[in-house]
Amino acid sequence: MEYALALRQAKVKQELHIYPSFAEYQTEFGPRGPWAAECYRWLGDLNIVPAAPQSDPLTYLAANLPDIVPAKNLTLGDARLRQILGHDALVIPLWPPGKTPDETRPAGPETVTHRSRGGRALNITDVTRPTLTLIRPAEADRSGRAVIVCPGGAYHGLAAEHEGTRVAQWFNELGITALLLKYRVPRRSGEFAKHHHALQDLQRAMRIVRSRASEWGIDPKQIGVCGFSAGGHLCTTLTTNFQLESYTPFDDIDKQSSRPDFALLVYPAYLTDPIDSDSVDMVARGSMRSGVTPPLFMTIAANDRFARGMMNFYLDVRKANIDVECHVYAAGGHGGGLDPVSYPSSEWTRAAKRWLAQLPIDTGGQ
């Protein structure tokens, strides 16, 4: 990784794949493992070997949704998510009335647009009523594993379709129950850190999922997080700081652990401070410890402005002797979600699918 950072400094094009210690690989390339598949794809991209056919870009629904009047107990953002999903998914408020911590913004309607992905995909902001939307696989396909999905949006809005519902549906294809977190944005003014209210929401969300795991058919020791961009920073912050209370516990739900059992960080933002430096942010670093901090999967494109930050963060993770898999794809930019238009960085889903399948049950810190 240090060499890759030096190549980056010299503006040398590169692609990097680093695999975890727990992995046991057997693929179509035999015991050589997935690095051979990545290498073959990369050679195809350079026209050295036959290139694989490219998938079509994803289509998004938000721009063509009919107007809707949400039910009394739903916000417009919650209702739009249900529209996109095509069914009345369960929506769970994170906080009882009057218990939302450190809220300085008056309650009001959410702003819901289709400004994400070039004006095609759902974006939600002005969130004062954070929620979880439960998105489940078919009953016969449920593995017992669950993931809380945290869309990005620079802590200003939520890219809730291409980094939200689409990702949740992909997890469902793997038999994983997804819970889409609509956390508070934009960041509140004053002395609060940019992630402060969002972290409170994610910590509470993890405790809610763990408290209702039996009801939803979830293994309470197999609940992870997956975040994109600012959502990736948010998931990093919880993963490395779950021992710290971001709000004052007040009920039985808050007796549950907020530790994720695994985390997927997809083009995570803000991991260095300043961004274009090698100085890992102290909050992102947190208090990482072997046997306590859960396994991590991280991925980004080399031409993403946050790549330097993630690569330096990886060095700290390895120094702490934490199991981690890391992919830096040759190109793809920032913010593509799992859309093939961000190829080759969109290939992270193939790597993540294999990583999740090989991930051991991890009970550290529980």
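This is a dialogue about helix contacts, empty spaces and backbone exceptions in a predicted model.

Trainee: What should I know about the model before we start?

Mentor: The model is predicted, so local features need pLDDT of at least 70 and side-chain atom pairs count only at pLDDT 80 or more, while totals for chains, interfaces and linings use all residues. Residues are numbered from 1 along each chain as its sequence is written, and side-chain values use heavy atoms, with hydrogens and water left out.

Trainee: Why are helix 1 and helix 10 called roughly antiparallel?

Mentor: The axes of helix 1 (residues 2-9) and helix 10 (residues 307-319) cross at roughly 160° and come within 10 Å. Axes are lines fitted to C-alpha atoms, for helices over the stretch in contact, and angles run from 0 to 180 degrees between N-to-C directions. Angles under 35 degrees count as roughly parallel, over 145 as roughly antiparallel, 65 to 115 as roughly perpendicular and the rest as oblique. Helix 1 and helix 10 are therefore roughly antiparallel.

Trainee: Which residues of helix 1 and helix 10 meet?

Mentor: Glu2, Ala4, Leu5, Arg8 and Gln9 of helix 1 meet Ala307, Arg308, Met311, Asn312 and Leu315 of helix 10. Contact means heavy atoms within 4.5 Å. By class, five of these residues are nonpolar, two polar and three charged. Here Ala, Val, Leu, Ile, Met, Phe, Trp, Tyr, Cys and Pro count as nonpolar, Asp, Glu, Lys and Arg as charged, and the others, Gly among them, as polar.

Trainee: What makes helix 3 and helix 5 oblique?

Mentor: The axes of helix 3 (residues 76-85) and helix 5 (residues 161-173) cross at roughly 50° and come within 11 Å. The pair is therefore oblique. Leu81, Ile84 and Leu85 of helix 3 make the contact with Glu161, Thr165 and Gln169 of helix 5. That contact has three nonpolar, two polar and one charged residues.

Trainee: What makes an empty space a cavity and what makes it a pocket?

Mentor: On a 1 Å grid over the protein atoms alone, a cavity is a set of points where a 1.4 Å probe fits but cannot get out; a pocket is an open set with protein on both sides within 12 Å along at least five of seven lines, and lining residues have an atom within 4 Å of a point. The whole structure has two cavities of 30 Å³ or more.

Trainee: What lines the largest cavity?

Mentor: The largest cavity has a volume of about 60 Å³, and its lining includes Val266, Tyr267, Gly336 and Trp348. Strand 10 (residues 296-301) gives the largest share, three residues. The lining has five nonpolar, six polar and no charged residues.

Trainee: How much space lies in the largest pocket?

Mentor: About 410 Å³ of space lies in the largest pocket. It is lined by 23 residues, and the closest to its centre are Ser55, Pro340, Ser346, Glu347 and Thr349. Helix 5 supplies the largest share of the lining, four residues.

Trainee: Why are some backbone values worth listing?

Mentor: Because most residues other than glycine have a negative phi, and most peptide bonds are trans. The bond from Val185 to Pro186 is cis, with omega near -5°. Tyr343 and Pro344 are also joined by a cis bond, with omega about 5°. Asp102, not a glycine, has a positive phi of about 60°; its place is in the loop between strand 2 (91-93) and strand 3 (111-115).

How values were computed: Helix = DSSP H or I, 4+ residues; strand = E, 2+ residues; numbered from the N terminus. Points joined across faces, edges and corners; volume = space filled by probe spheres on them.
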